[in-house]
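Reader: Could you take me through one aromatic cluster up close, along with whatever sits around it? Cut-offs included, please.

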Amino acid sequence: MNNKEKFIAGVKAGYKATFHKGYVMGKMGYLHDELEIVGNDINYMDISCNDIRICKVNDNIYKEGLISYLKGDYRRSIQSFEKISPVFQAEKNYLLAVCNIYGRGVRKNIDIGVSLLKDGVENSLCCKQLLARCYIEGTGVPLNKKKAYELLNTVLTQIEINKVNNMDEDYLMPDLYYFCGEYELEMGDTEKALDHLKKAAVERNFGLAYYLLGKYYYESNLELAKNYFNKAKKLNVNVSTKYYQDERAEVADEPIDFHVGEKIGELTDISEKLSKLKDNVEKLDWEKFRAAHIRAKTERINAQTAQKVANGSNEAVDINAKTTKTKAETEWLKAESDKIKREIRNDRWKQRQEKRNNTK
């Protein structure tokens with residue numbers, strides 16, 4: 001981690017603690033007001049397992065491939081996807097495009113993936129959404145947010161038609177409404193933007209949508225903005241402390257109590273205990289302790305043996321013979337332990353090799 005990454009990580013920690021006023025880090029978080037968007041950038045090409053499930057194909061081969069994909073067996077999943085009937089060609093293109101763009105089961109090839117998406121874009125909402133992501137990020141195609149918005153708008157139009165027909169919306173990517181709202185806000189179409197952002201926030205539980213709504217309402221409706229910001233924070237979105245100026249004012253003049261007296265007392269007590277432990281360790285002569293222990297053990301065993309001999313017992317034990325037997329047993333146990341460890345290492349090595357072969 002370089003210095004820049006450390007600094008950003010520190011800022012994020014400050015944000016998270018900012019509104020816990022009892023902590024020093026909370027008050028220090030107010031020093032970073034100008035970095036309001038740290039950690040709030042979104043990479044539209046980030047993919048999750050849910051994105052593969054938005055594809056709707058009523059085909060057993062697809063279901064087998066989906067199960068393999070979700071288990072991480074990408075090689076087997078792509079073999080299943082390639083066997084999907086041409087009846088579902090557009091959806092098949094989407095699945096194979098995902099595998100090629102992200103290197104799932106095949107060597108990563110973004111150009112092939114984008115080509116598959118373009119071939120299926122006319123007949124597949126899934127292809128339209130992923131191709132739009134490519135235009136947003138400039139992945140395999142020139143960056144073009146306007147083109148992405150046009151593609152996603154056709155998806156939104158189809159959504160309205162499906163709602164009339166009581167069809168579900170499980171085929172939607174979670175960031176679809178958010179990007180449309182963000183783009184419309186930049187273009188000045190406020191009414192449509194707010195509608196899409198509220199759908200992204202409420203229906204899709206998308207944290208950045210709450211954050212953007214809070215920024216929009218901050219000047220006109222502070223109470224509503226705070227509600228949106230609070231929901232965004234619960235979804236792990238970093239909210240700038242400048243949007244909480246009244247709270248900042250409350251703590252700006254508060255003295256920071258480090259509880260120094262208590263901490264010094266605790267450290268002194270620990271230091272004294274460590275000092276005593278160190279003295280005891282230094283006084284301990286390990287060789288003398290070991291010799292005394294062996295001598296005491298030998299005397300005890302000899303005394304027991306003598307007592308048994310005096311009582312006419314046949315269980316008298318020669319100390320030297322017992323010691324030799326114990327040593328032999330110890331060596332045998334060590335050899336067995338080494339053998340078991342070697343077997344475990346060999347098994348682990350074989351598992352890693354099999355896993356490596358399966359991912360190629």
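Author: Sure, here's the cluster: Y44, Y149, F179 and Y183 form one aromatic cluster. Before going further, this is a predicted model, where local features need pLDDT of at least 70, side-chain atom pairs count only at pLDDT 80 or more, and totals for chains, interfaces and linings use all residues. Numbering runs from 1 along each chain as its sequence is written, and side-chain values use heavy atoms, with hydrogens and water left out.

Ten aromatic pairs turn up in the structure (rings of Phe, Tyr and Trp, the last by its six-membered ring, with centres within 6.5 Å; planes under 30 degrees apart are stacked, over 60 edge-to-face, the rest tilted). Take Y44 and F179: their ring centres are 5.6 Å apart and the planes sit at 85 degrees, so this pair is edge-to-face. Y44 is in the loop between helix 2 (24-28) and helix 3 (49-53) while F179 is in helix 10, so the pair ties together parts 135 residues apart in sequence (helices are DSSP runs of H or I, at least four residues, numbered from the N terminus). Both Y44 and F179 are buried, meaning under 20% relative accessible area with a 1.4 Å probe, protein chains only.

Y44 and F179 also help line the largest cavity, and among the other lining residues are Q129, R133, I136 and D175. Helix 8 (125-137) and helix 10 (176-187) are the elements giving two or more residues to that lining, and helix 8 supplies the largest share, four residues.

Methods
On a 1 Å grid over the protein atoms alone, a cavity is a set of points where a 1.4 Å probe fits but cannot get out, and a pocket is an open set with protein on both sides within 12 Å along at least five of seven lines; lining residues have an atom within 4 Å of a point. Buried means under 20% relative accessible area, exposed over 50%, partly exposed in between (1.4 Å probe, protein chains only).
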